[in-house]
Structures are given as C-alpha cells and as structure tokens.
Amino acid sequence: MDDWRSSITTVRVVTDTATPTGAQVPLVDYLVLGAHPHLEANRCMSCGARFFDRRNACASCFGTEFERVAIATEGTVRAFTIVTFAAPGVPVPFVSAVIDCDGTSVRGNLVNVEPDPSKVTLHMPVRLTTYSMGIDDNGTEAVAFGFEPT
Ligand SMILES: [Zn+2]
C-alpha cells in the first residue's frame, strides 16, 4: 500500500474511514493535554507524598486529603532497562525508565532515543513529550506520554 499511511509510523489507523476530528483523550488520566501537556499527581495534604493513582489514604502517613499538583515536565533518568520481550503487537526493543521530575518519580518509556545501552545513561536529562496511539472510528485520538532526551 503506497499511500500517506505508509510514511507514518506513530499513528495506527484503526479503520480506513477514521478521520481525526481534533478530539483527543489521554491514555492515562494523570496526563493533561492542551497547549502545555504535563502530568498531574495527587499530593497528600499532610506529608506531601505524591501518587499518580487515586488513593483513599496516603501510603506514607495515612492522610486522607489530597490536592492535584502539576509535575515538572523535565527531569533526569534515575533508572532504566531495555525491554526486548513483550506481548504480541508491542514493538521491541524499547526503553522503560524511572524519571526523577524535580523530586517526583515517574515511570515512563524513553522515546526518540535508540534503545541501546550506549545511548541511554543514568542522570541523562529528559523532557515530557506526547505521541499518538491511534485514532478510533469516531475520530478521537488516544495520546500517550514518554520522555525524550533534551
Ligand atoms: Zn501523607
């Protein structure tokens, strides 16, 4: 097939009739889209611990009040592994990492970098980026996040 789709690797068109409407949904609810995409965490009002998932109580102090806070979009690689085996349909290899975003640990994949141990280093500076996961029949695009070298 020699049409526009063959040159796009990050967008998987679900059907031939899928047309982007401009509507986007984040793949995870702690990813906030818009002009300045960023992550938001639930911050414990008692001790300041931050969690990306919803909690009834803080795992550090059992506090029960939380506020949503924006997480820094730049950080450094704290740990990483190069994944070479995954479920069918998941392209490998890829780099799974823990990013220190100004004190908040974020799990995410590194993108726009070769999945090679000589190209990824601890403490490497990275920034948040988003990419398309595909467009559904209604034209709504699913958007994921990753981190890329700065
Ligand atoms: Zn707490």
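Where in the chain does F62 lie? F62 is in the loop between strand 4 and strand 5, and we will come back to this residue once the strands around it have been introduced. Keep in mind as you read that this is a predicted model.

Let's start with the overall plan. The chain has 10 strands and zero helices, so reading along the sequence gives the pattern β-β-β-β-β-β-β-β-β-β. Of the 150 residues in the chain, 14% are buried. Among contacts with a separation of 6 or more, 49% join residues 24 or more positions apart.

How far can you lean on the model? The mean pLDDT of the chain is 89, and 87% of the residues reach 70 or more. Among the elements, strand 1 (residues 24–26) has the lowest mean pLDDT, 94, while strand 6 (residues 74–83) has the highest, 98. Residues 1–13 are another matter: pLDDT stays under 50 there, and the model has 10 contacts beyond four places in sequence for this stretch.

A good place to begin the tour is strand 3 (residues 38–44), which pairs in the antiparallel sense with strand 2 (residues 31–32) over two bridges. Here L31 stands opposite L39. Five residues lie between the strands of this hairpin, and G34 takes a positive phi near 120°. On the other side in sequence, strand 3 also pairs with strand 4 (residues 50–51), again antiparallel and over two bridges, with N42 opposite F51. That pair is a hairpin too, with five residues between its strands, and G48 in the turn has a positive phi of about 85°. Strand 3 has a further antiparallel partner in strand 5 (residues 66–71), this time over six bridges; one of the facing pairs is E40 and A70.

Now turn to the interior. The largest nonpolar core has 14 residues, and A97, I99 and F147 have the most contacts inside it. Strand 3, strand 7 (94–101), strand 8, strand 9 (125–135) and strand 10 (141–149) each give two or more residues to this core, with strand 7 giving the most, four residues. In soluble globular proteins, nonpolar side chains tend to be buried together. Following I99 outward shows its surroundings: beyond its sequence neighbours, I99 touches G75, T76, V77, R78, V106, G108, V126 and F147.

That list brings us to G108, a residue of strand 8 (residues 104–110). G108 counts as buried because 22 C-beta neighbours lie inside 10 Å. Its contacts beyond four places in sequence are A97, I99, F145, G146 and F147. The C-alpha atoms of G108 and S96 are separated by 6.0 Å, although the two residues are 12 apart along the chain.

The loops hold a few backbone details that are worth finding on screen. In the loop between strand 6 and strand 7 sits P93, joined to V92 by a cis peptide bond with omega about 0°. And F62, as promised, has a positive phi of about 65° although it is not a glycine. Is F62 buried or exposed? F62 is exposed, because 11 other C-beta atoms lie within 10 Å. N112, in the loop between strand 8 and strand 9, is also not a glycine and has a positive phi of about 55°. With 11 C-beta neighbours inside 10 Å, N112 counts as exposed.

Notes:
Residues are numbered from 1 along each chain as its sequence is written. This is a predicted model: local features need pLDDT of at least 70, side-chain atom pairs count only at pLDDT 80 or more; totals for chains, interfaces and linings use all residues. A residue is buried if 20 or more other C-beta atoms lie within 10 Å of its own, exposed if 12 or fewer, and partly exposed in between; C-beta atoms are placed from the backbone. Two residues are in contact if their C-beta atoms, placed from the backbone, lie within 7 Å. Two strands pair if DSSP finds at least two bridges between them. A nonpolar core is a set of buried Ala, Val, Leu, Ile, Met, Phe, Trp, Tyr and Cys residues joined through C-beta atoms within 7 Å. pLDDT is the predictor's confidence in each residue, from 0 to 100.
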